[in-house]
Amino acid sequence: MAESTTQQQPLRGWDKPDLDLSNADWQSSSRGLGDVQIAFVEGFIAMRNSGRPQSPSLIFTPAEWGAFVSGAREGEFDLT
C-alpha cells in the first residue's frame with residue numbers, strides 16, 4: 001500500500017508564528033481555580049486547557065486577547 005501524506009494548509013488570515021511553547025511560563029486563570037492557563041510568548045498570548053496541557057493551545061495577538069477578555073467580562077463567553 002502506498003503511503004500518502006497530506007499537508008495542512010494554513011488558515012486564511014492566520015498570521016501567527018508557530019510558537020515554541022515547551023518552555024512557556026504557564027499561569028493559571030482565576031487564581032488557580034479555573035481550567036485555563038495562559039502564557040505570554042514572543043508578544044503573543046497562548047491559552048490552553050490545564051487538564052490537558054498536551055492539547056493544542058489557542059494563540060492570540062494582544063488585540064485579539066483584549067477583545068476576548070472584554071467579551072468574557074461582558075458575559076459573551078462562558079469560561080467556567
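Buried here means under 20% relative accessible area, and exposed means over 50%. Keep those cut-offs in mind on this tour of a predicted model.

**The whole chain**

Start with everything shown as cartoon. The chain has one helix and four strands. Follow the elements from the N terminus: they run β-β-β-β-α. Now colour by burial. Of the 80 residues, 25% count as buried. Switch on the surface next. The chain exposes about 6700 Å², and carbon and sulfur atoms supply 49% of that area. For contacts with a separation of 6 or more, residues 24 or more positions apart account for 17%.

**The sheet**

Select the strands. The four form an open sheet in the order E1-E2-E3-E4, with antiparallel pairing. Strand E1 (27-28) and E4 are the edge strands, each pairing on one side only.

Begin at the E1 edge. E1 and E2 pair in the antiparallel sense over two bridges. Select Ser28 and look across to E2: Gln37 stands opposite. Keep Gln37 selected and turn to E3. There its bridge partner is Arg48. Step to Val36, whose bridge partner in E3 is Asn49. In total, E2 and E3 pair over six bridges, in the antiparallel sense.

Move along to the hairpin of E2 and E3. Two residues lie between the strands. Pick Glu42 there, and check its backbone: Glu42 takes a positive phi near 50 degrees.

**The cores**

Which residues make up the largest nonpolar core? Select these nine: Leu19, Leu21, Ala24, Trp26, Ala39, Val41, Phe44, Ala46 and Ile59. E2 and E3 each supply at least two residues of this core. Nonpolar side chains tend to be buried together in soluble globular proteins.

Centre on Leu19. What is Leu19 in contact with, leaving aside its neighbours within four places in sequence? Show Val41, Glu42, Phe44 and Ile59: Leu19 is in contact with each of these. Glu42 is the hairpin residue with the positive phi.

Now look for a second, separate core. This one has six residues, including Ile38, Ile45, Met47 and Trp65. Leave Trp65 selected for the next stop.

**The helix**

Select residues 62-73, helix H1. Its twelve residues reach 16 Å from the first C-alpha to the last, close to the 16 Å expected at 1.5 Å a residue.

Which residues of H1 are buried? Pick Trp65, Phe68, Gly71 and Ala72. These four are on the same side of H1, because they cover an arc of only 130 degrees around the axis. An α-helix has 3.6 residues a turn, so residues three or four places apart point the same way.

Turn the view to the other side of H1. Pro62, Ala63, Ala67 and Arg73 are exposed there.

Now turn back and ask what covers the buried residues of H1. Show the strands again. The cover includes strand E2 (36-41), strand E3 (44-49) and strand E4 (58-60). E2 and E3 also contribute to the largest nonpolar core.

**Last stop**

Step just past the end of H1. Select Gly75, which takes a positive phi of about 85 degrees. Compare this stop with Glu42 in the hairpin of E2 and E3, where phi is positive and near 50 degrees.

How values were computed:
Residues are numbered from 1 along each chain as its sequence is written. This is a predicted model: local features need pLDDT of at least 70, side-chain atom pairs count only at pLDDT 80 or more; totals for chains, interfaces and linings use all residues. Side-chain values use heavy atoms; hydrogens and water are left out. The expected span of a helix is 1.5 Å times one less than its number of residues. Buried means under 20% relative accessible area, exposed over 50%, partly exposed in between (1.4 Å probe, protein chains only). The arc is that of the directions from the helix axis to the C-beta atoms. Contact means heavy atoms within 4.5 Å. A nonpolar core is a set of buried Ala, Val, Leu, Ile, Met, Phe, Trp, Tyr and Cys residues joined through side-chain atoms within 4.5 Å. Accessible areas come from the Shrake-Rupley method with a 1.4 Å probe; for residues, only the protein chains shown count as cover. Two strands pair if DSSP finds at least two bridges between them.
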